Amino acid sequence: MLKESKSRKVNLKPGESVRNRNGKELYFYRWSDLNGKRHSISSIDLDKLREKEKEIIDKKEKTINQSRAITVNQIFDMCIHISNNIPDNCKYMYMTFVYPSFGMRKISCISSKDIRMFYVSLTKYRSLRIEDMELIHDVLFQIFDLAYEQSYIRRNVVQNSLIELKIIRDKSNMVEFLNNDQQRLFEEILFDNRYKHFSAIYLTMMHAGLTMGEATGLRWCDIDFDKKEIDVNHSLICRPGTNGSGYQYTIKDPKTEIGFRRMPMTKQLYESFLYLKEYQESGKIVCKKSIDGYSGFAFINKSGTVYNYDALNDVLERVHRDCNIKQIEKSKSSTFSDVTFLPWFTCKALRRTYALRLSQSGADLKTVSYMLGNKDIYTTEKWYADVLLTK
């Protein structure tokens, strides 16, 4: 930019400007610090202004270089030296679970996602409770707050991490069935490529009302693609083996005649079965297990064996985590009040959700009882009273 004064032409550098005040030229230099805050200095002598400008740029570059190298532990040591107001129990938790590993990372390279994953790993692999995590969170918040004040980082990425952890890991909000928004959210994540091959088994429980045993025991010959129906004629019972020796499987017929039934498939469920069949054929996944004379099971893992109940609930745990992380990232509010989150639930909640949708669609108690395969309406009332009273 070329600015012209009465006496000479001045070639101004980026960030510089000039104004005429009372017949005299006043030069300005404006810049932003690492936190984005604007600053300015001025002088009637351009050469002196540029001397100060050079000092500012050198200091900023030095801070940037330091921020790239400084670790979380170094800022923690600074916190202790400056204020020493961190409680002893918080110090103990930090020194035990953060200092040896995560604390050695460069603070400028840590994102909010890194904090979230670190918190999840502590709860999952180190078995820390939410109460324990609060102590660690308090220390990390102070560390990143000081780093922000010292211009080592642009923002405190720890700020909402504990709220996010509670959303992801706190099981206190376990539900017995899903409402419409929660079901829609669950189905969206199921059709993500990572979980799509699991969609059929979960939709079998949620869209056709099968029990876990009836669903895991389904064979391809029980699925009528022409009539779009599922023939329910047995259950796969899964129990932990003796002395920790894996799982034991047995086949059981339905307890009553009404338990034998043909269930219609929704469009989503039908398409999920088509995808699963193609997925297994393309991956050359073949059922290798025969149980009490039954084989050709539809729901098998890559090893060709049927799923146990714990494995299916473990997958639901991962779905819950990934879904809510995605919702957190989508949220425009720091309080996350603008999005729906997926609550904790197990496979049993899917069949109960099916019963709820039947009731909400206007089906009477007798119809609901028949579709669930219960022996009579009294059984349905006993086990699904809370669901049927929900509208």
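Visitor: What makes strand 3 (residues 16-21) and strand 4 (residues 24-32) count as a pair?

Guide: In this predicted model, strand 3 and strand 4 are joined by six bridges and run in the antiparallel sense. Pairing requires at least two bridges, and because six bridges are found between strand 3 and strand 4, the two strands count as paired. One position to look at is Val18, which stands opposite Tyr27 of strand 4. Strand 3 and strand 4 also form a hairpin, with two residues between them, and Asn22 in the turn has a positive phi of about 55°.

Visitor: How do you know that strand 4 pairs with strand 5 (residues 38-43)?

Guide: The criterion is again at least two bridges, and six bridges join strand 4 to strand 5, the two running antiparallel. The condition is therefore met for strand 4 and strand 5. Here Ser32 stands opposite Arg38 of strand 5.

Visitor: What makes strand 6 and strand 10 edge strands?

Guide: Three strands form an open sheet in the order 6-7-10, with antiparallel pairing. Strand 6 (223-224) and strand 10 (261-264) are its edges, since each of them pairs on one side only. Strand 6 and strand 7 (residues 229-232) pair in the antiparallel sense over two bridges. A pair needs at least two bridges, so the two between strand 6 and strand 7 satisfy the requirement. Asp224 has Glu229 in strand 7 as its bridge partner.

Visitor: Why is the angle between helix 7 (residues 180-190) and helix 11 (residues 309-330) called roughly perpendicular?

Guide: Helix 7 and helix 11 pack at an angle of about 100°, with their axes 10 Å apart. Angles of 65 to 115 degrees count as roughly perpendicular, and helix 7 and helix 11 are therefore described in that way. The contact is made by Leu185, Phe186 and Ile189 of helix 7 together with Leu316, Val319, Cys323 and Gln327 of helix 11. By class, the residues of this contact divide into six nonpolar, one polar and no charged.

Visitor: How do you know that helix 13 (residues 365-372) is roughly perpendicular to helix 14 (residues 377-388)?

Guide: Helix 13 and helix 14 pack at an angle of about 100°, and their axes are 10 Å apart. That angle makes helix 13 roughly perpendicular to helix 14, because the category covers 65 to 115 degrees. On the helix 13 side, Leu365, Lys366, Val368, Ser369 and Leu372 take part, and they meet Ile377, Thr380, Glu381, Tyr384 and Leu388 of helix 14. The residues of this contact divide into six nonpolar, two polar and two charged.

Visitor: Why is Ser369 called buried?

Guide: Ser369, which lies in helix 13, has a relative accessible area of 3%. Buried means under 20%, and with 3% Ser369 therefore belongs in that class. Leaving out residues up to four places away in sequence, Ser369 touches Asn374, Asp376, Ile377 and Thr380. The C-alpha atoms of Ser369 and Ala355 are 8.7 Å apart in space, and these residues are 14 apart in sequence.

Visitor: What makes Arg352 count as buried?

Guide: Arg352 is found in helix 12 (residues 347-360), and its relative accessibility is 12%. The limit for buried is under 20%, so Arg352 meets it. Neighbours within four places in sequence aside, Arg352 is in contact with Glu176, Phe177, Trp383, Tyr384, Asp386 and Val387.

Visitor: How do you know that Arg351 is buried?

Guide: Arg351 also has its place in helix 12, and with a relative accessible area of 9% Arg351 is buried, because the cut-off is under 20%. Not counting residues up to four places away in sequence, Arg351 touches nine residues, namely Met205, Gly209, Leu210, Thr211, Glu214, Arg261, Leu372, Asn374 and Tyr384. Leu210 is 141 residues from Arg351 along the chain, while their C-alpha atoms are separated by 6.4 Å.

Visitor: Why is Cys79 too far from the closest cysteine sulfur for a bond?

Guide: The closest cysteine sulfur to that of Cys79 is in Cys90, 12 Å away. A disulfide requires sulfur atoms within 2.5 Å, so Cys79 does not qualify. Cys79 is buried, with a relative accessible area of 5%. For Cys287 the closest cysteine sulfur is in Cys221, at 11 Å, which is likewise too far for a bond. A search of the whole structure finds zero disulfides.

Conventions
Residues are numbered from 1 along each chain as its sequence is written. This is a predicted model: local features need pLDDT of at least 70, side-chain atom pairs count only at pLDDT 80 or more; totals for chains, interfaces and linings use all residues. Side-chain values use heavy atoms; hydrogens and water are left out. Helices (H or I, at least four residues) and strands (E, at least two) are DSSP runs, numbered from the N terminus. Buried means under 20% relative accessible area, exposed over 50%, partly exposed in between (1.4 Å probe, protein chains only). Axes are lines fitted to C-alpha atoms, for helices over the stretch in contact, and angles run from 0 to 180 degrees between N-to-C directions. Angles under 35 degrees count as roughly parallel, over 145 as roughly antiparallel, 65 to 115 as roughly perpendicular and the rest as oblique. Contact means heavy atoms within 4.5 Å. Ala, Val, Leu, Ile, Met, Phe, Trp, Tyr, Cys and Pro count as nonpolar, Asp, Glu, Lys and Arg as charged, and the others, Gly among them, as polar.
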